[in-house]
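Visitor: I should like to learn how to read the features of a structure of this kind. Please take me through it step by step.

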Amino acid sequence: MHTSTVGSTTARDLLHSLVDHGYRLATGVPCSLLNGAFRLLEEPGDDARLAALRYVPAPREDSAVGIASGAVVAGERAVVLMQNSGLGYCLNVLTSFNLIYDVPVLLVVSWRGHDGNDAVEHDVIGAELLRLLDLFALPHTVLDSADPARSVSEVIDRMDQEQRCGVLIVREGI
């Protein structure tokens with residue numbers, strides 16, 4: 001199977017799993033590692049499960065967290081897709097709103113620079129991503145491309161137990 005087919009299958013399985021868990025809103029800022037997921041969000045085609053997930057593009061990652069947080073406060077489950085460098089933009093929003101008022105938003109974060117073979121601007125946060133998430137006590141799971149549904153369930157279960165934002169880390173392109 002061609003890599004892009006594997007990635008798009010993983011993206012579809014991940015998004016289907018989110019819908020199965022009651023997610024109805026997705027927002028975020030595109031990243032090349034999440035390209036397949038964004039493509040499906042923008043054009044779900046005749047896939048009824050994907051069509052159940054409303055997509056709202058955002059100009060910045062912190063704005064996406066704000067959009068998703070508003071949806072969560074209104075009773076919806078919402079997910080934000082971004083690359084790990086965008087997580088830096090979100091720290092103030094997360095620490096001054098979500099983590100204080102227990103507004104759990106799921107973040108799907110691409111792990112750029114995790115292996116030191118990415119563009120240089122991703123090296124610092126790529127090397128420190130897991131420690132950063134631990135520092136802010138954000139439950140996280142690395143996506144298993146062979147079983148995206150299990151990974152989604154794992155991070156959502158931890159989010160629900162801890163009533164905190166959770167992070168699903170995507171190491172390879174989907």
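Visitor: Which residue of β4 does Q83 stand opposite?

Guide: Q83 stands opposite S110 in the predicted model. The two strands concerned, β3 and β4, pair in the parallel sense over five bridges.

Visitor: How should one read the two faces of a strand such as β4, and which residues lie on each side?

Guide: The general idea is that side chains in a regular strand alternate between the two faces of the sheet. In β4, L106, V108 and S110 are on one side, while L107 and V109 are on the other. Both faces are covered, and these residues are all buried. Accordingly, β4 is described as mostly covered, with five of its five residues buried.

Visitor: What is the order of the strands in the sheet?

Guide: The sheet is open and has six strands in the order β2-β1-β3-β4-β6-β5, with parallel pairing. At the edges are β2 and β5, the latter covering residues 140–142, and each of them pairs on one side only. From one strand to the next, the twist averages 20°.

Visitor: How many bridges join β5 to β6?

Guide: Three bridges join β5 to β6 (residues 166–170), and the two strands run parallel. As one example, V142 has I169 in β6 as its bridge partner.

Visitor: Which strands does α4 touch?

Guide: Helix α4 packs on the sheet and touches β1 (23–28), β2, β3 and β4 (106–110). The direction of α4 makes about 170° with that of β3. Another helix, α5 (residues 84–98), lies across β3 and β4 and runs at about 135° to β3.

Visitor: How is a buried helix residue to be read, and which residues does T10 contact beyond its sequence neighbours?

Guide: One reads the accessibility and the contacts together. T10 is found in helix α1. T10 counts as buried because its relative accessibility is 4%, and the cut-off for that class is under 20%. Leaving aside neighbours within four places in sequence, T10 is in contact with L143, S145, P148 and I174.

Visitor: Is L50 buried or exposed?

Guide: L50 is buried, with a relative accessible area of 3%. L50 has its place in helix α3 (residues 48–51). Apart from neighbours within four places in sequence, L50 is in contact with R12, L15, H16, L40 and P44. A separation can also be read for L50: its C-alpha atom is 31 Å from that of I125, a residue 75 places away along the chain.

Visitor: How many salt bridges does a search of the whole structure find?

Guide: The general idea is that side chains of opposite charge can pair when their charged atoms come close. A search of the whole structure finds eleven salt bridges. One of them joins the side chains of D20 and R49 at 2.6 Å, N to O. D20 lies in helix α1 (residues 3–20) and R49 in helix α3, so this pair ties together parts that are 29 residues apart in sequence. D20 is exposed, at a relative accessible area of 53%, whereas R49 is partly exposed, at 36%.

Visitor: Where do R54 and E76 lie?

Guide: R54 is in strand β2 (residues 54–57), and E76 is in the loop between α4 (61–73) and β3 (77–83). Their side chains meet in a salt bridge at 3.4 Å, N to O. The pair links distant parts of the chain, 22 residues apart. R54 is partly exposed, with a relative accessible area of 46%, and E76 is also partly exposed, with 27%.

Visitor: Which residues are linked in a network of salt bridges?

Guide: D144, D147, R150 and E154 are linked in such a network. A further salt bridge is formed by the side chains of D62 and R60, at 3.0 Å, N to O. In that pair, R60 is partly exposed, with a relative accessible area of 38%.

Visitor: Finally, which residues make the nonpolar surface patch?

Guide: V73, F97, I100 and Y101 make a nonpolar surface patch of about 420 Å². Of these, V73 has its place in helix α4. V73 counts as exposed because its relative accessibility is 57%, and that class begins over 50%.

Conventions: Residues numbered from 1 in each chain as written. Predicted model: local features only at pLDDT ≥ 70, side-chain atom pairs only at ≥ 80, totals over all residues. Heavy atoms only, no water. Helix = DSSP H or I, 4+ residues; strand = E, 2+ residues; numbered from the N terminus. Buried < 20%, exposed > 50% of the residue type's maximum accessible area, 1.4 Å probe, protein only. Contact = heavy atoms within 4.5 Å. Salt bridge = Lys/Arg side-chain N within 4 Å of Asp/Glu carboxyl O. Patch = residues over 30% accessible without salt bridge, like charges linked within 9 Å, V, L, I, M, F, W, Y side chains within 5 Å. Areas by Shrake-Rupley, 256 points an atom, 1.4 Å probe, with all protein chains shown as cover. Pairing = 2+ DSSP bridges. Axes fitted to C-alpha atoms, helices over the stretch in contact; angles between N-to-C directions.
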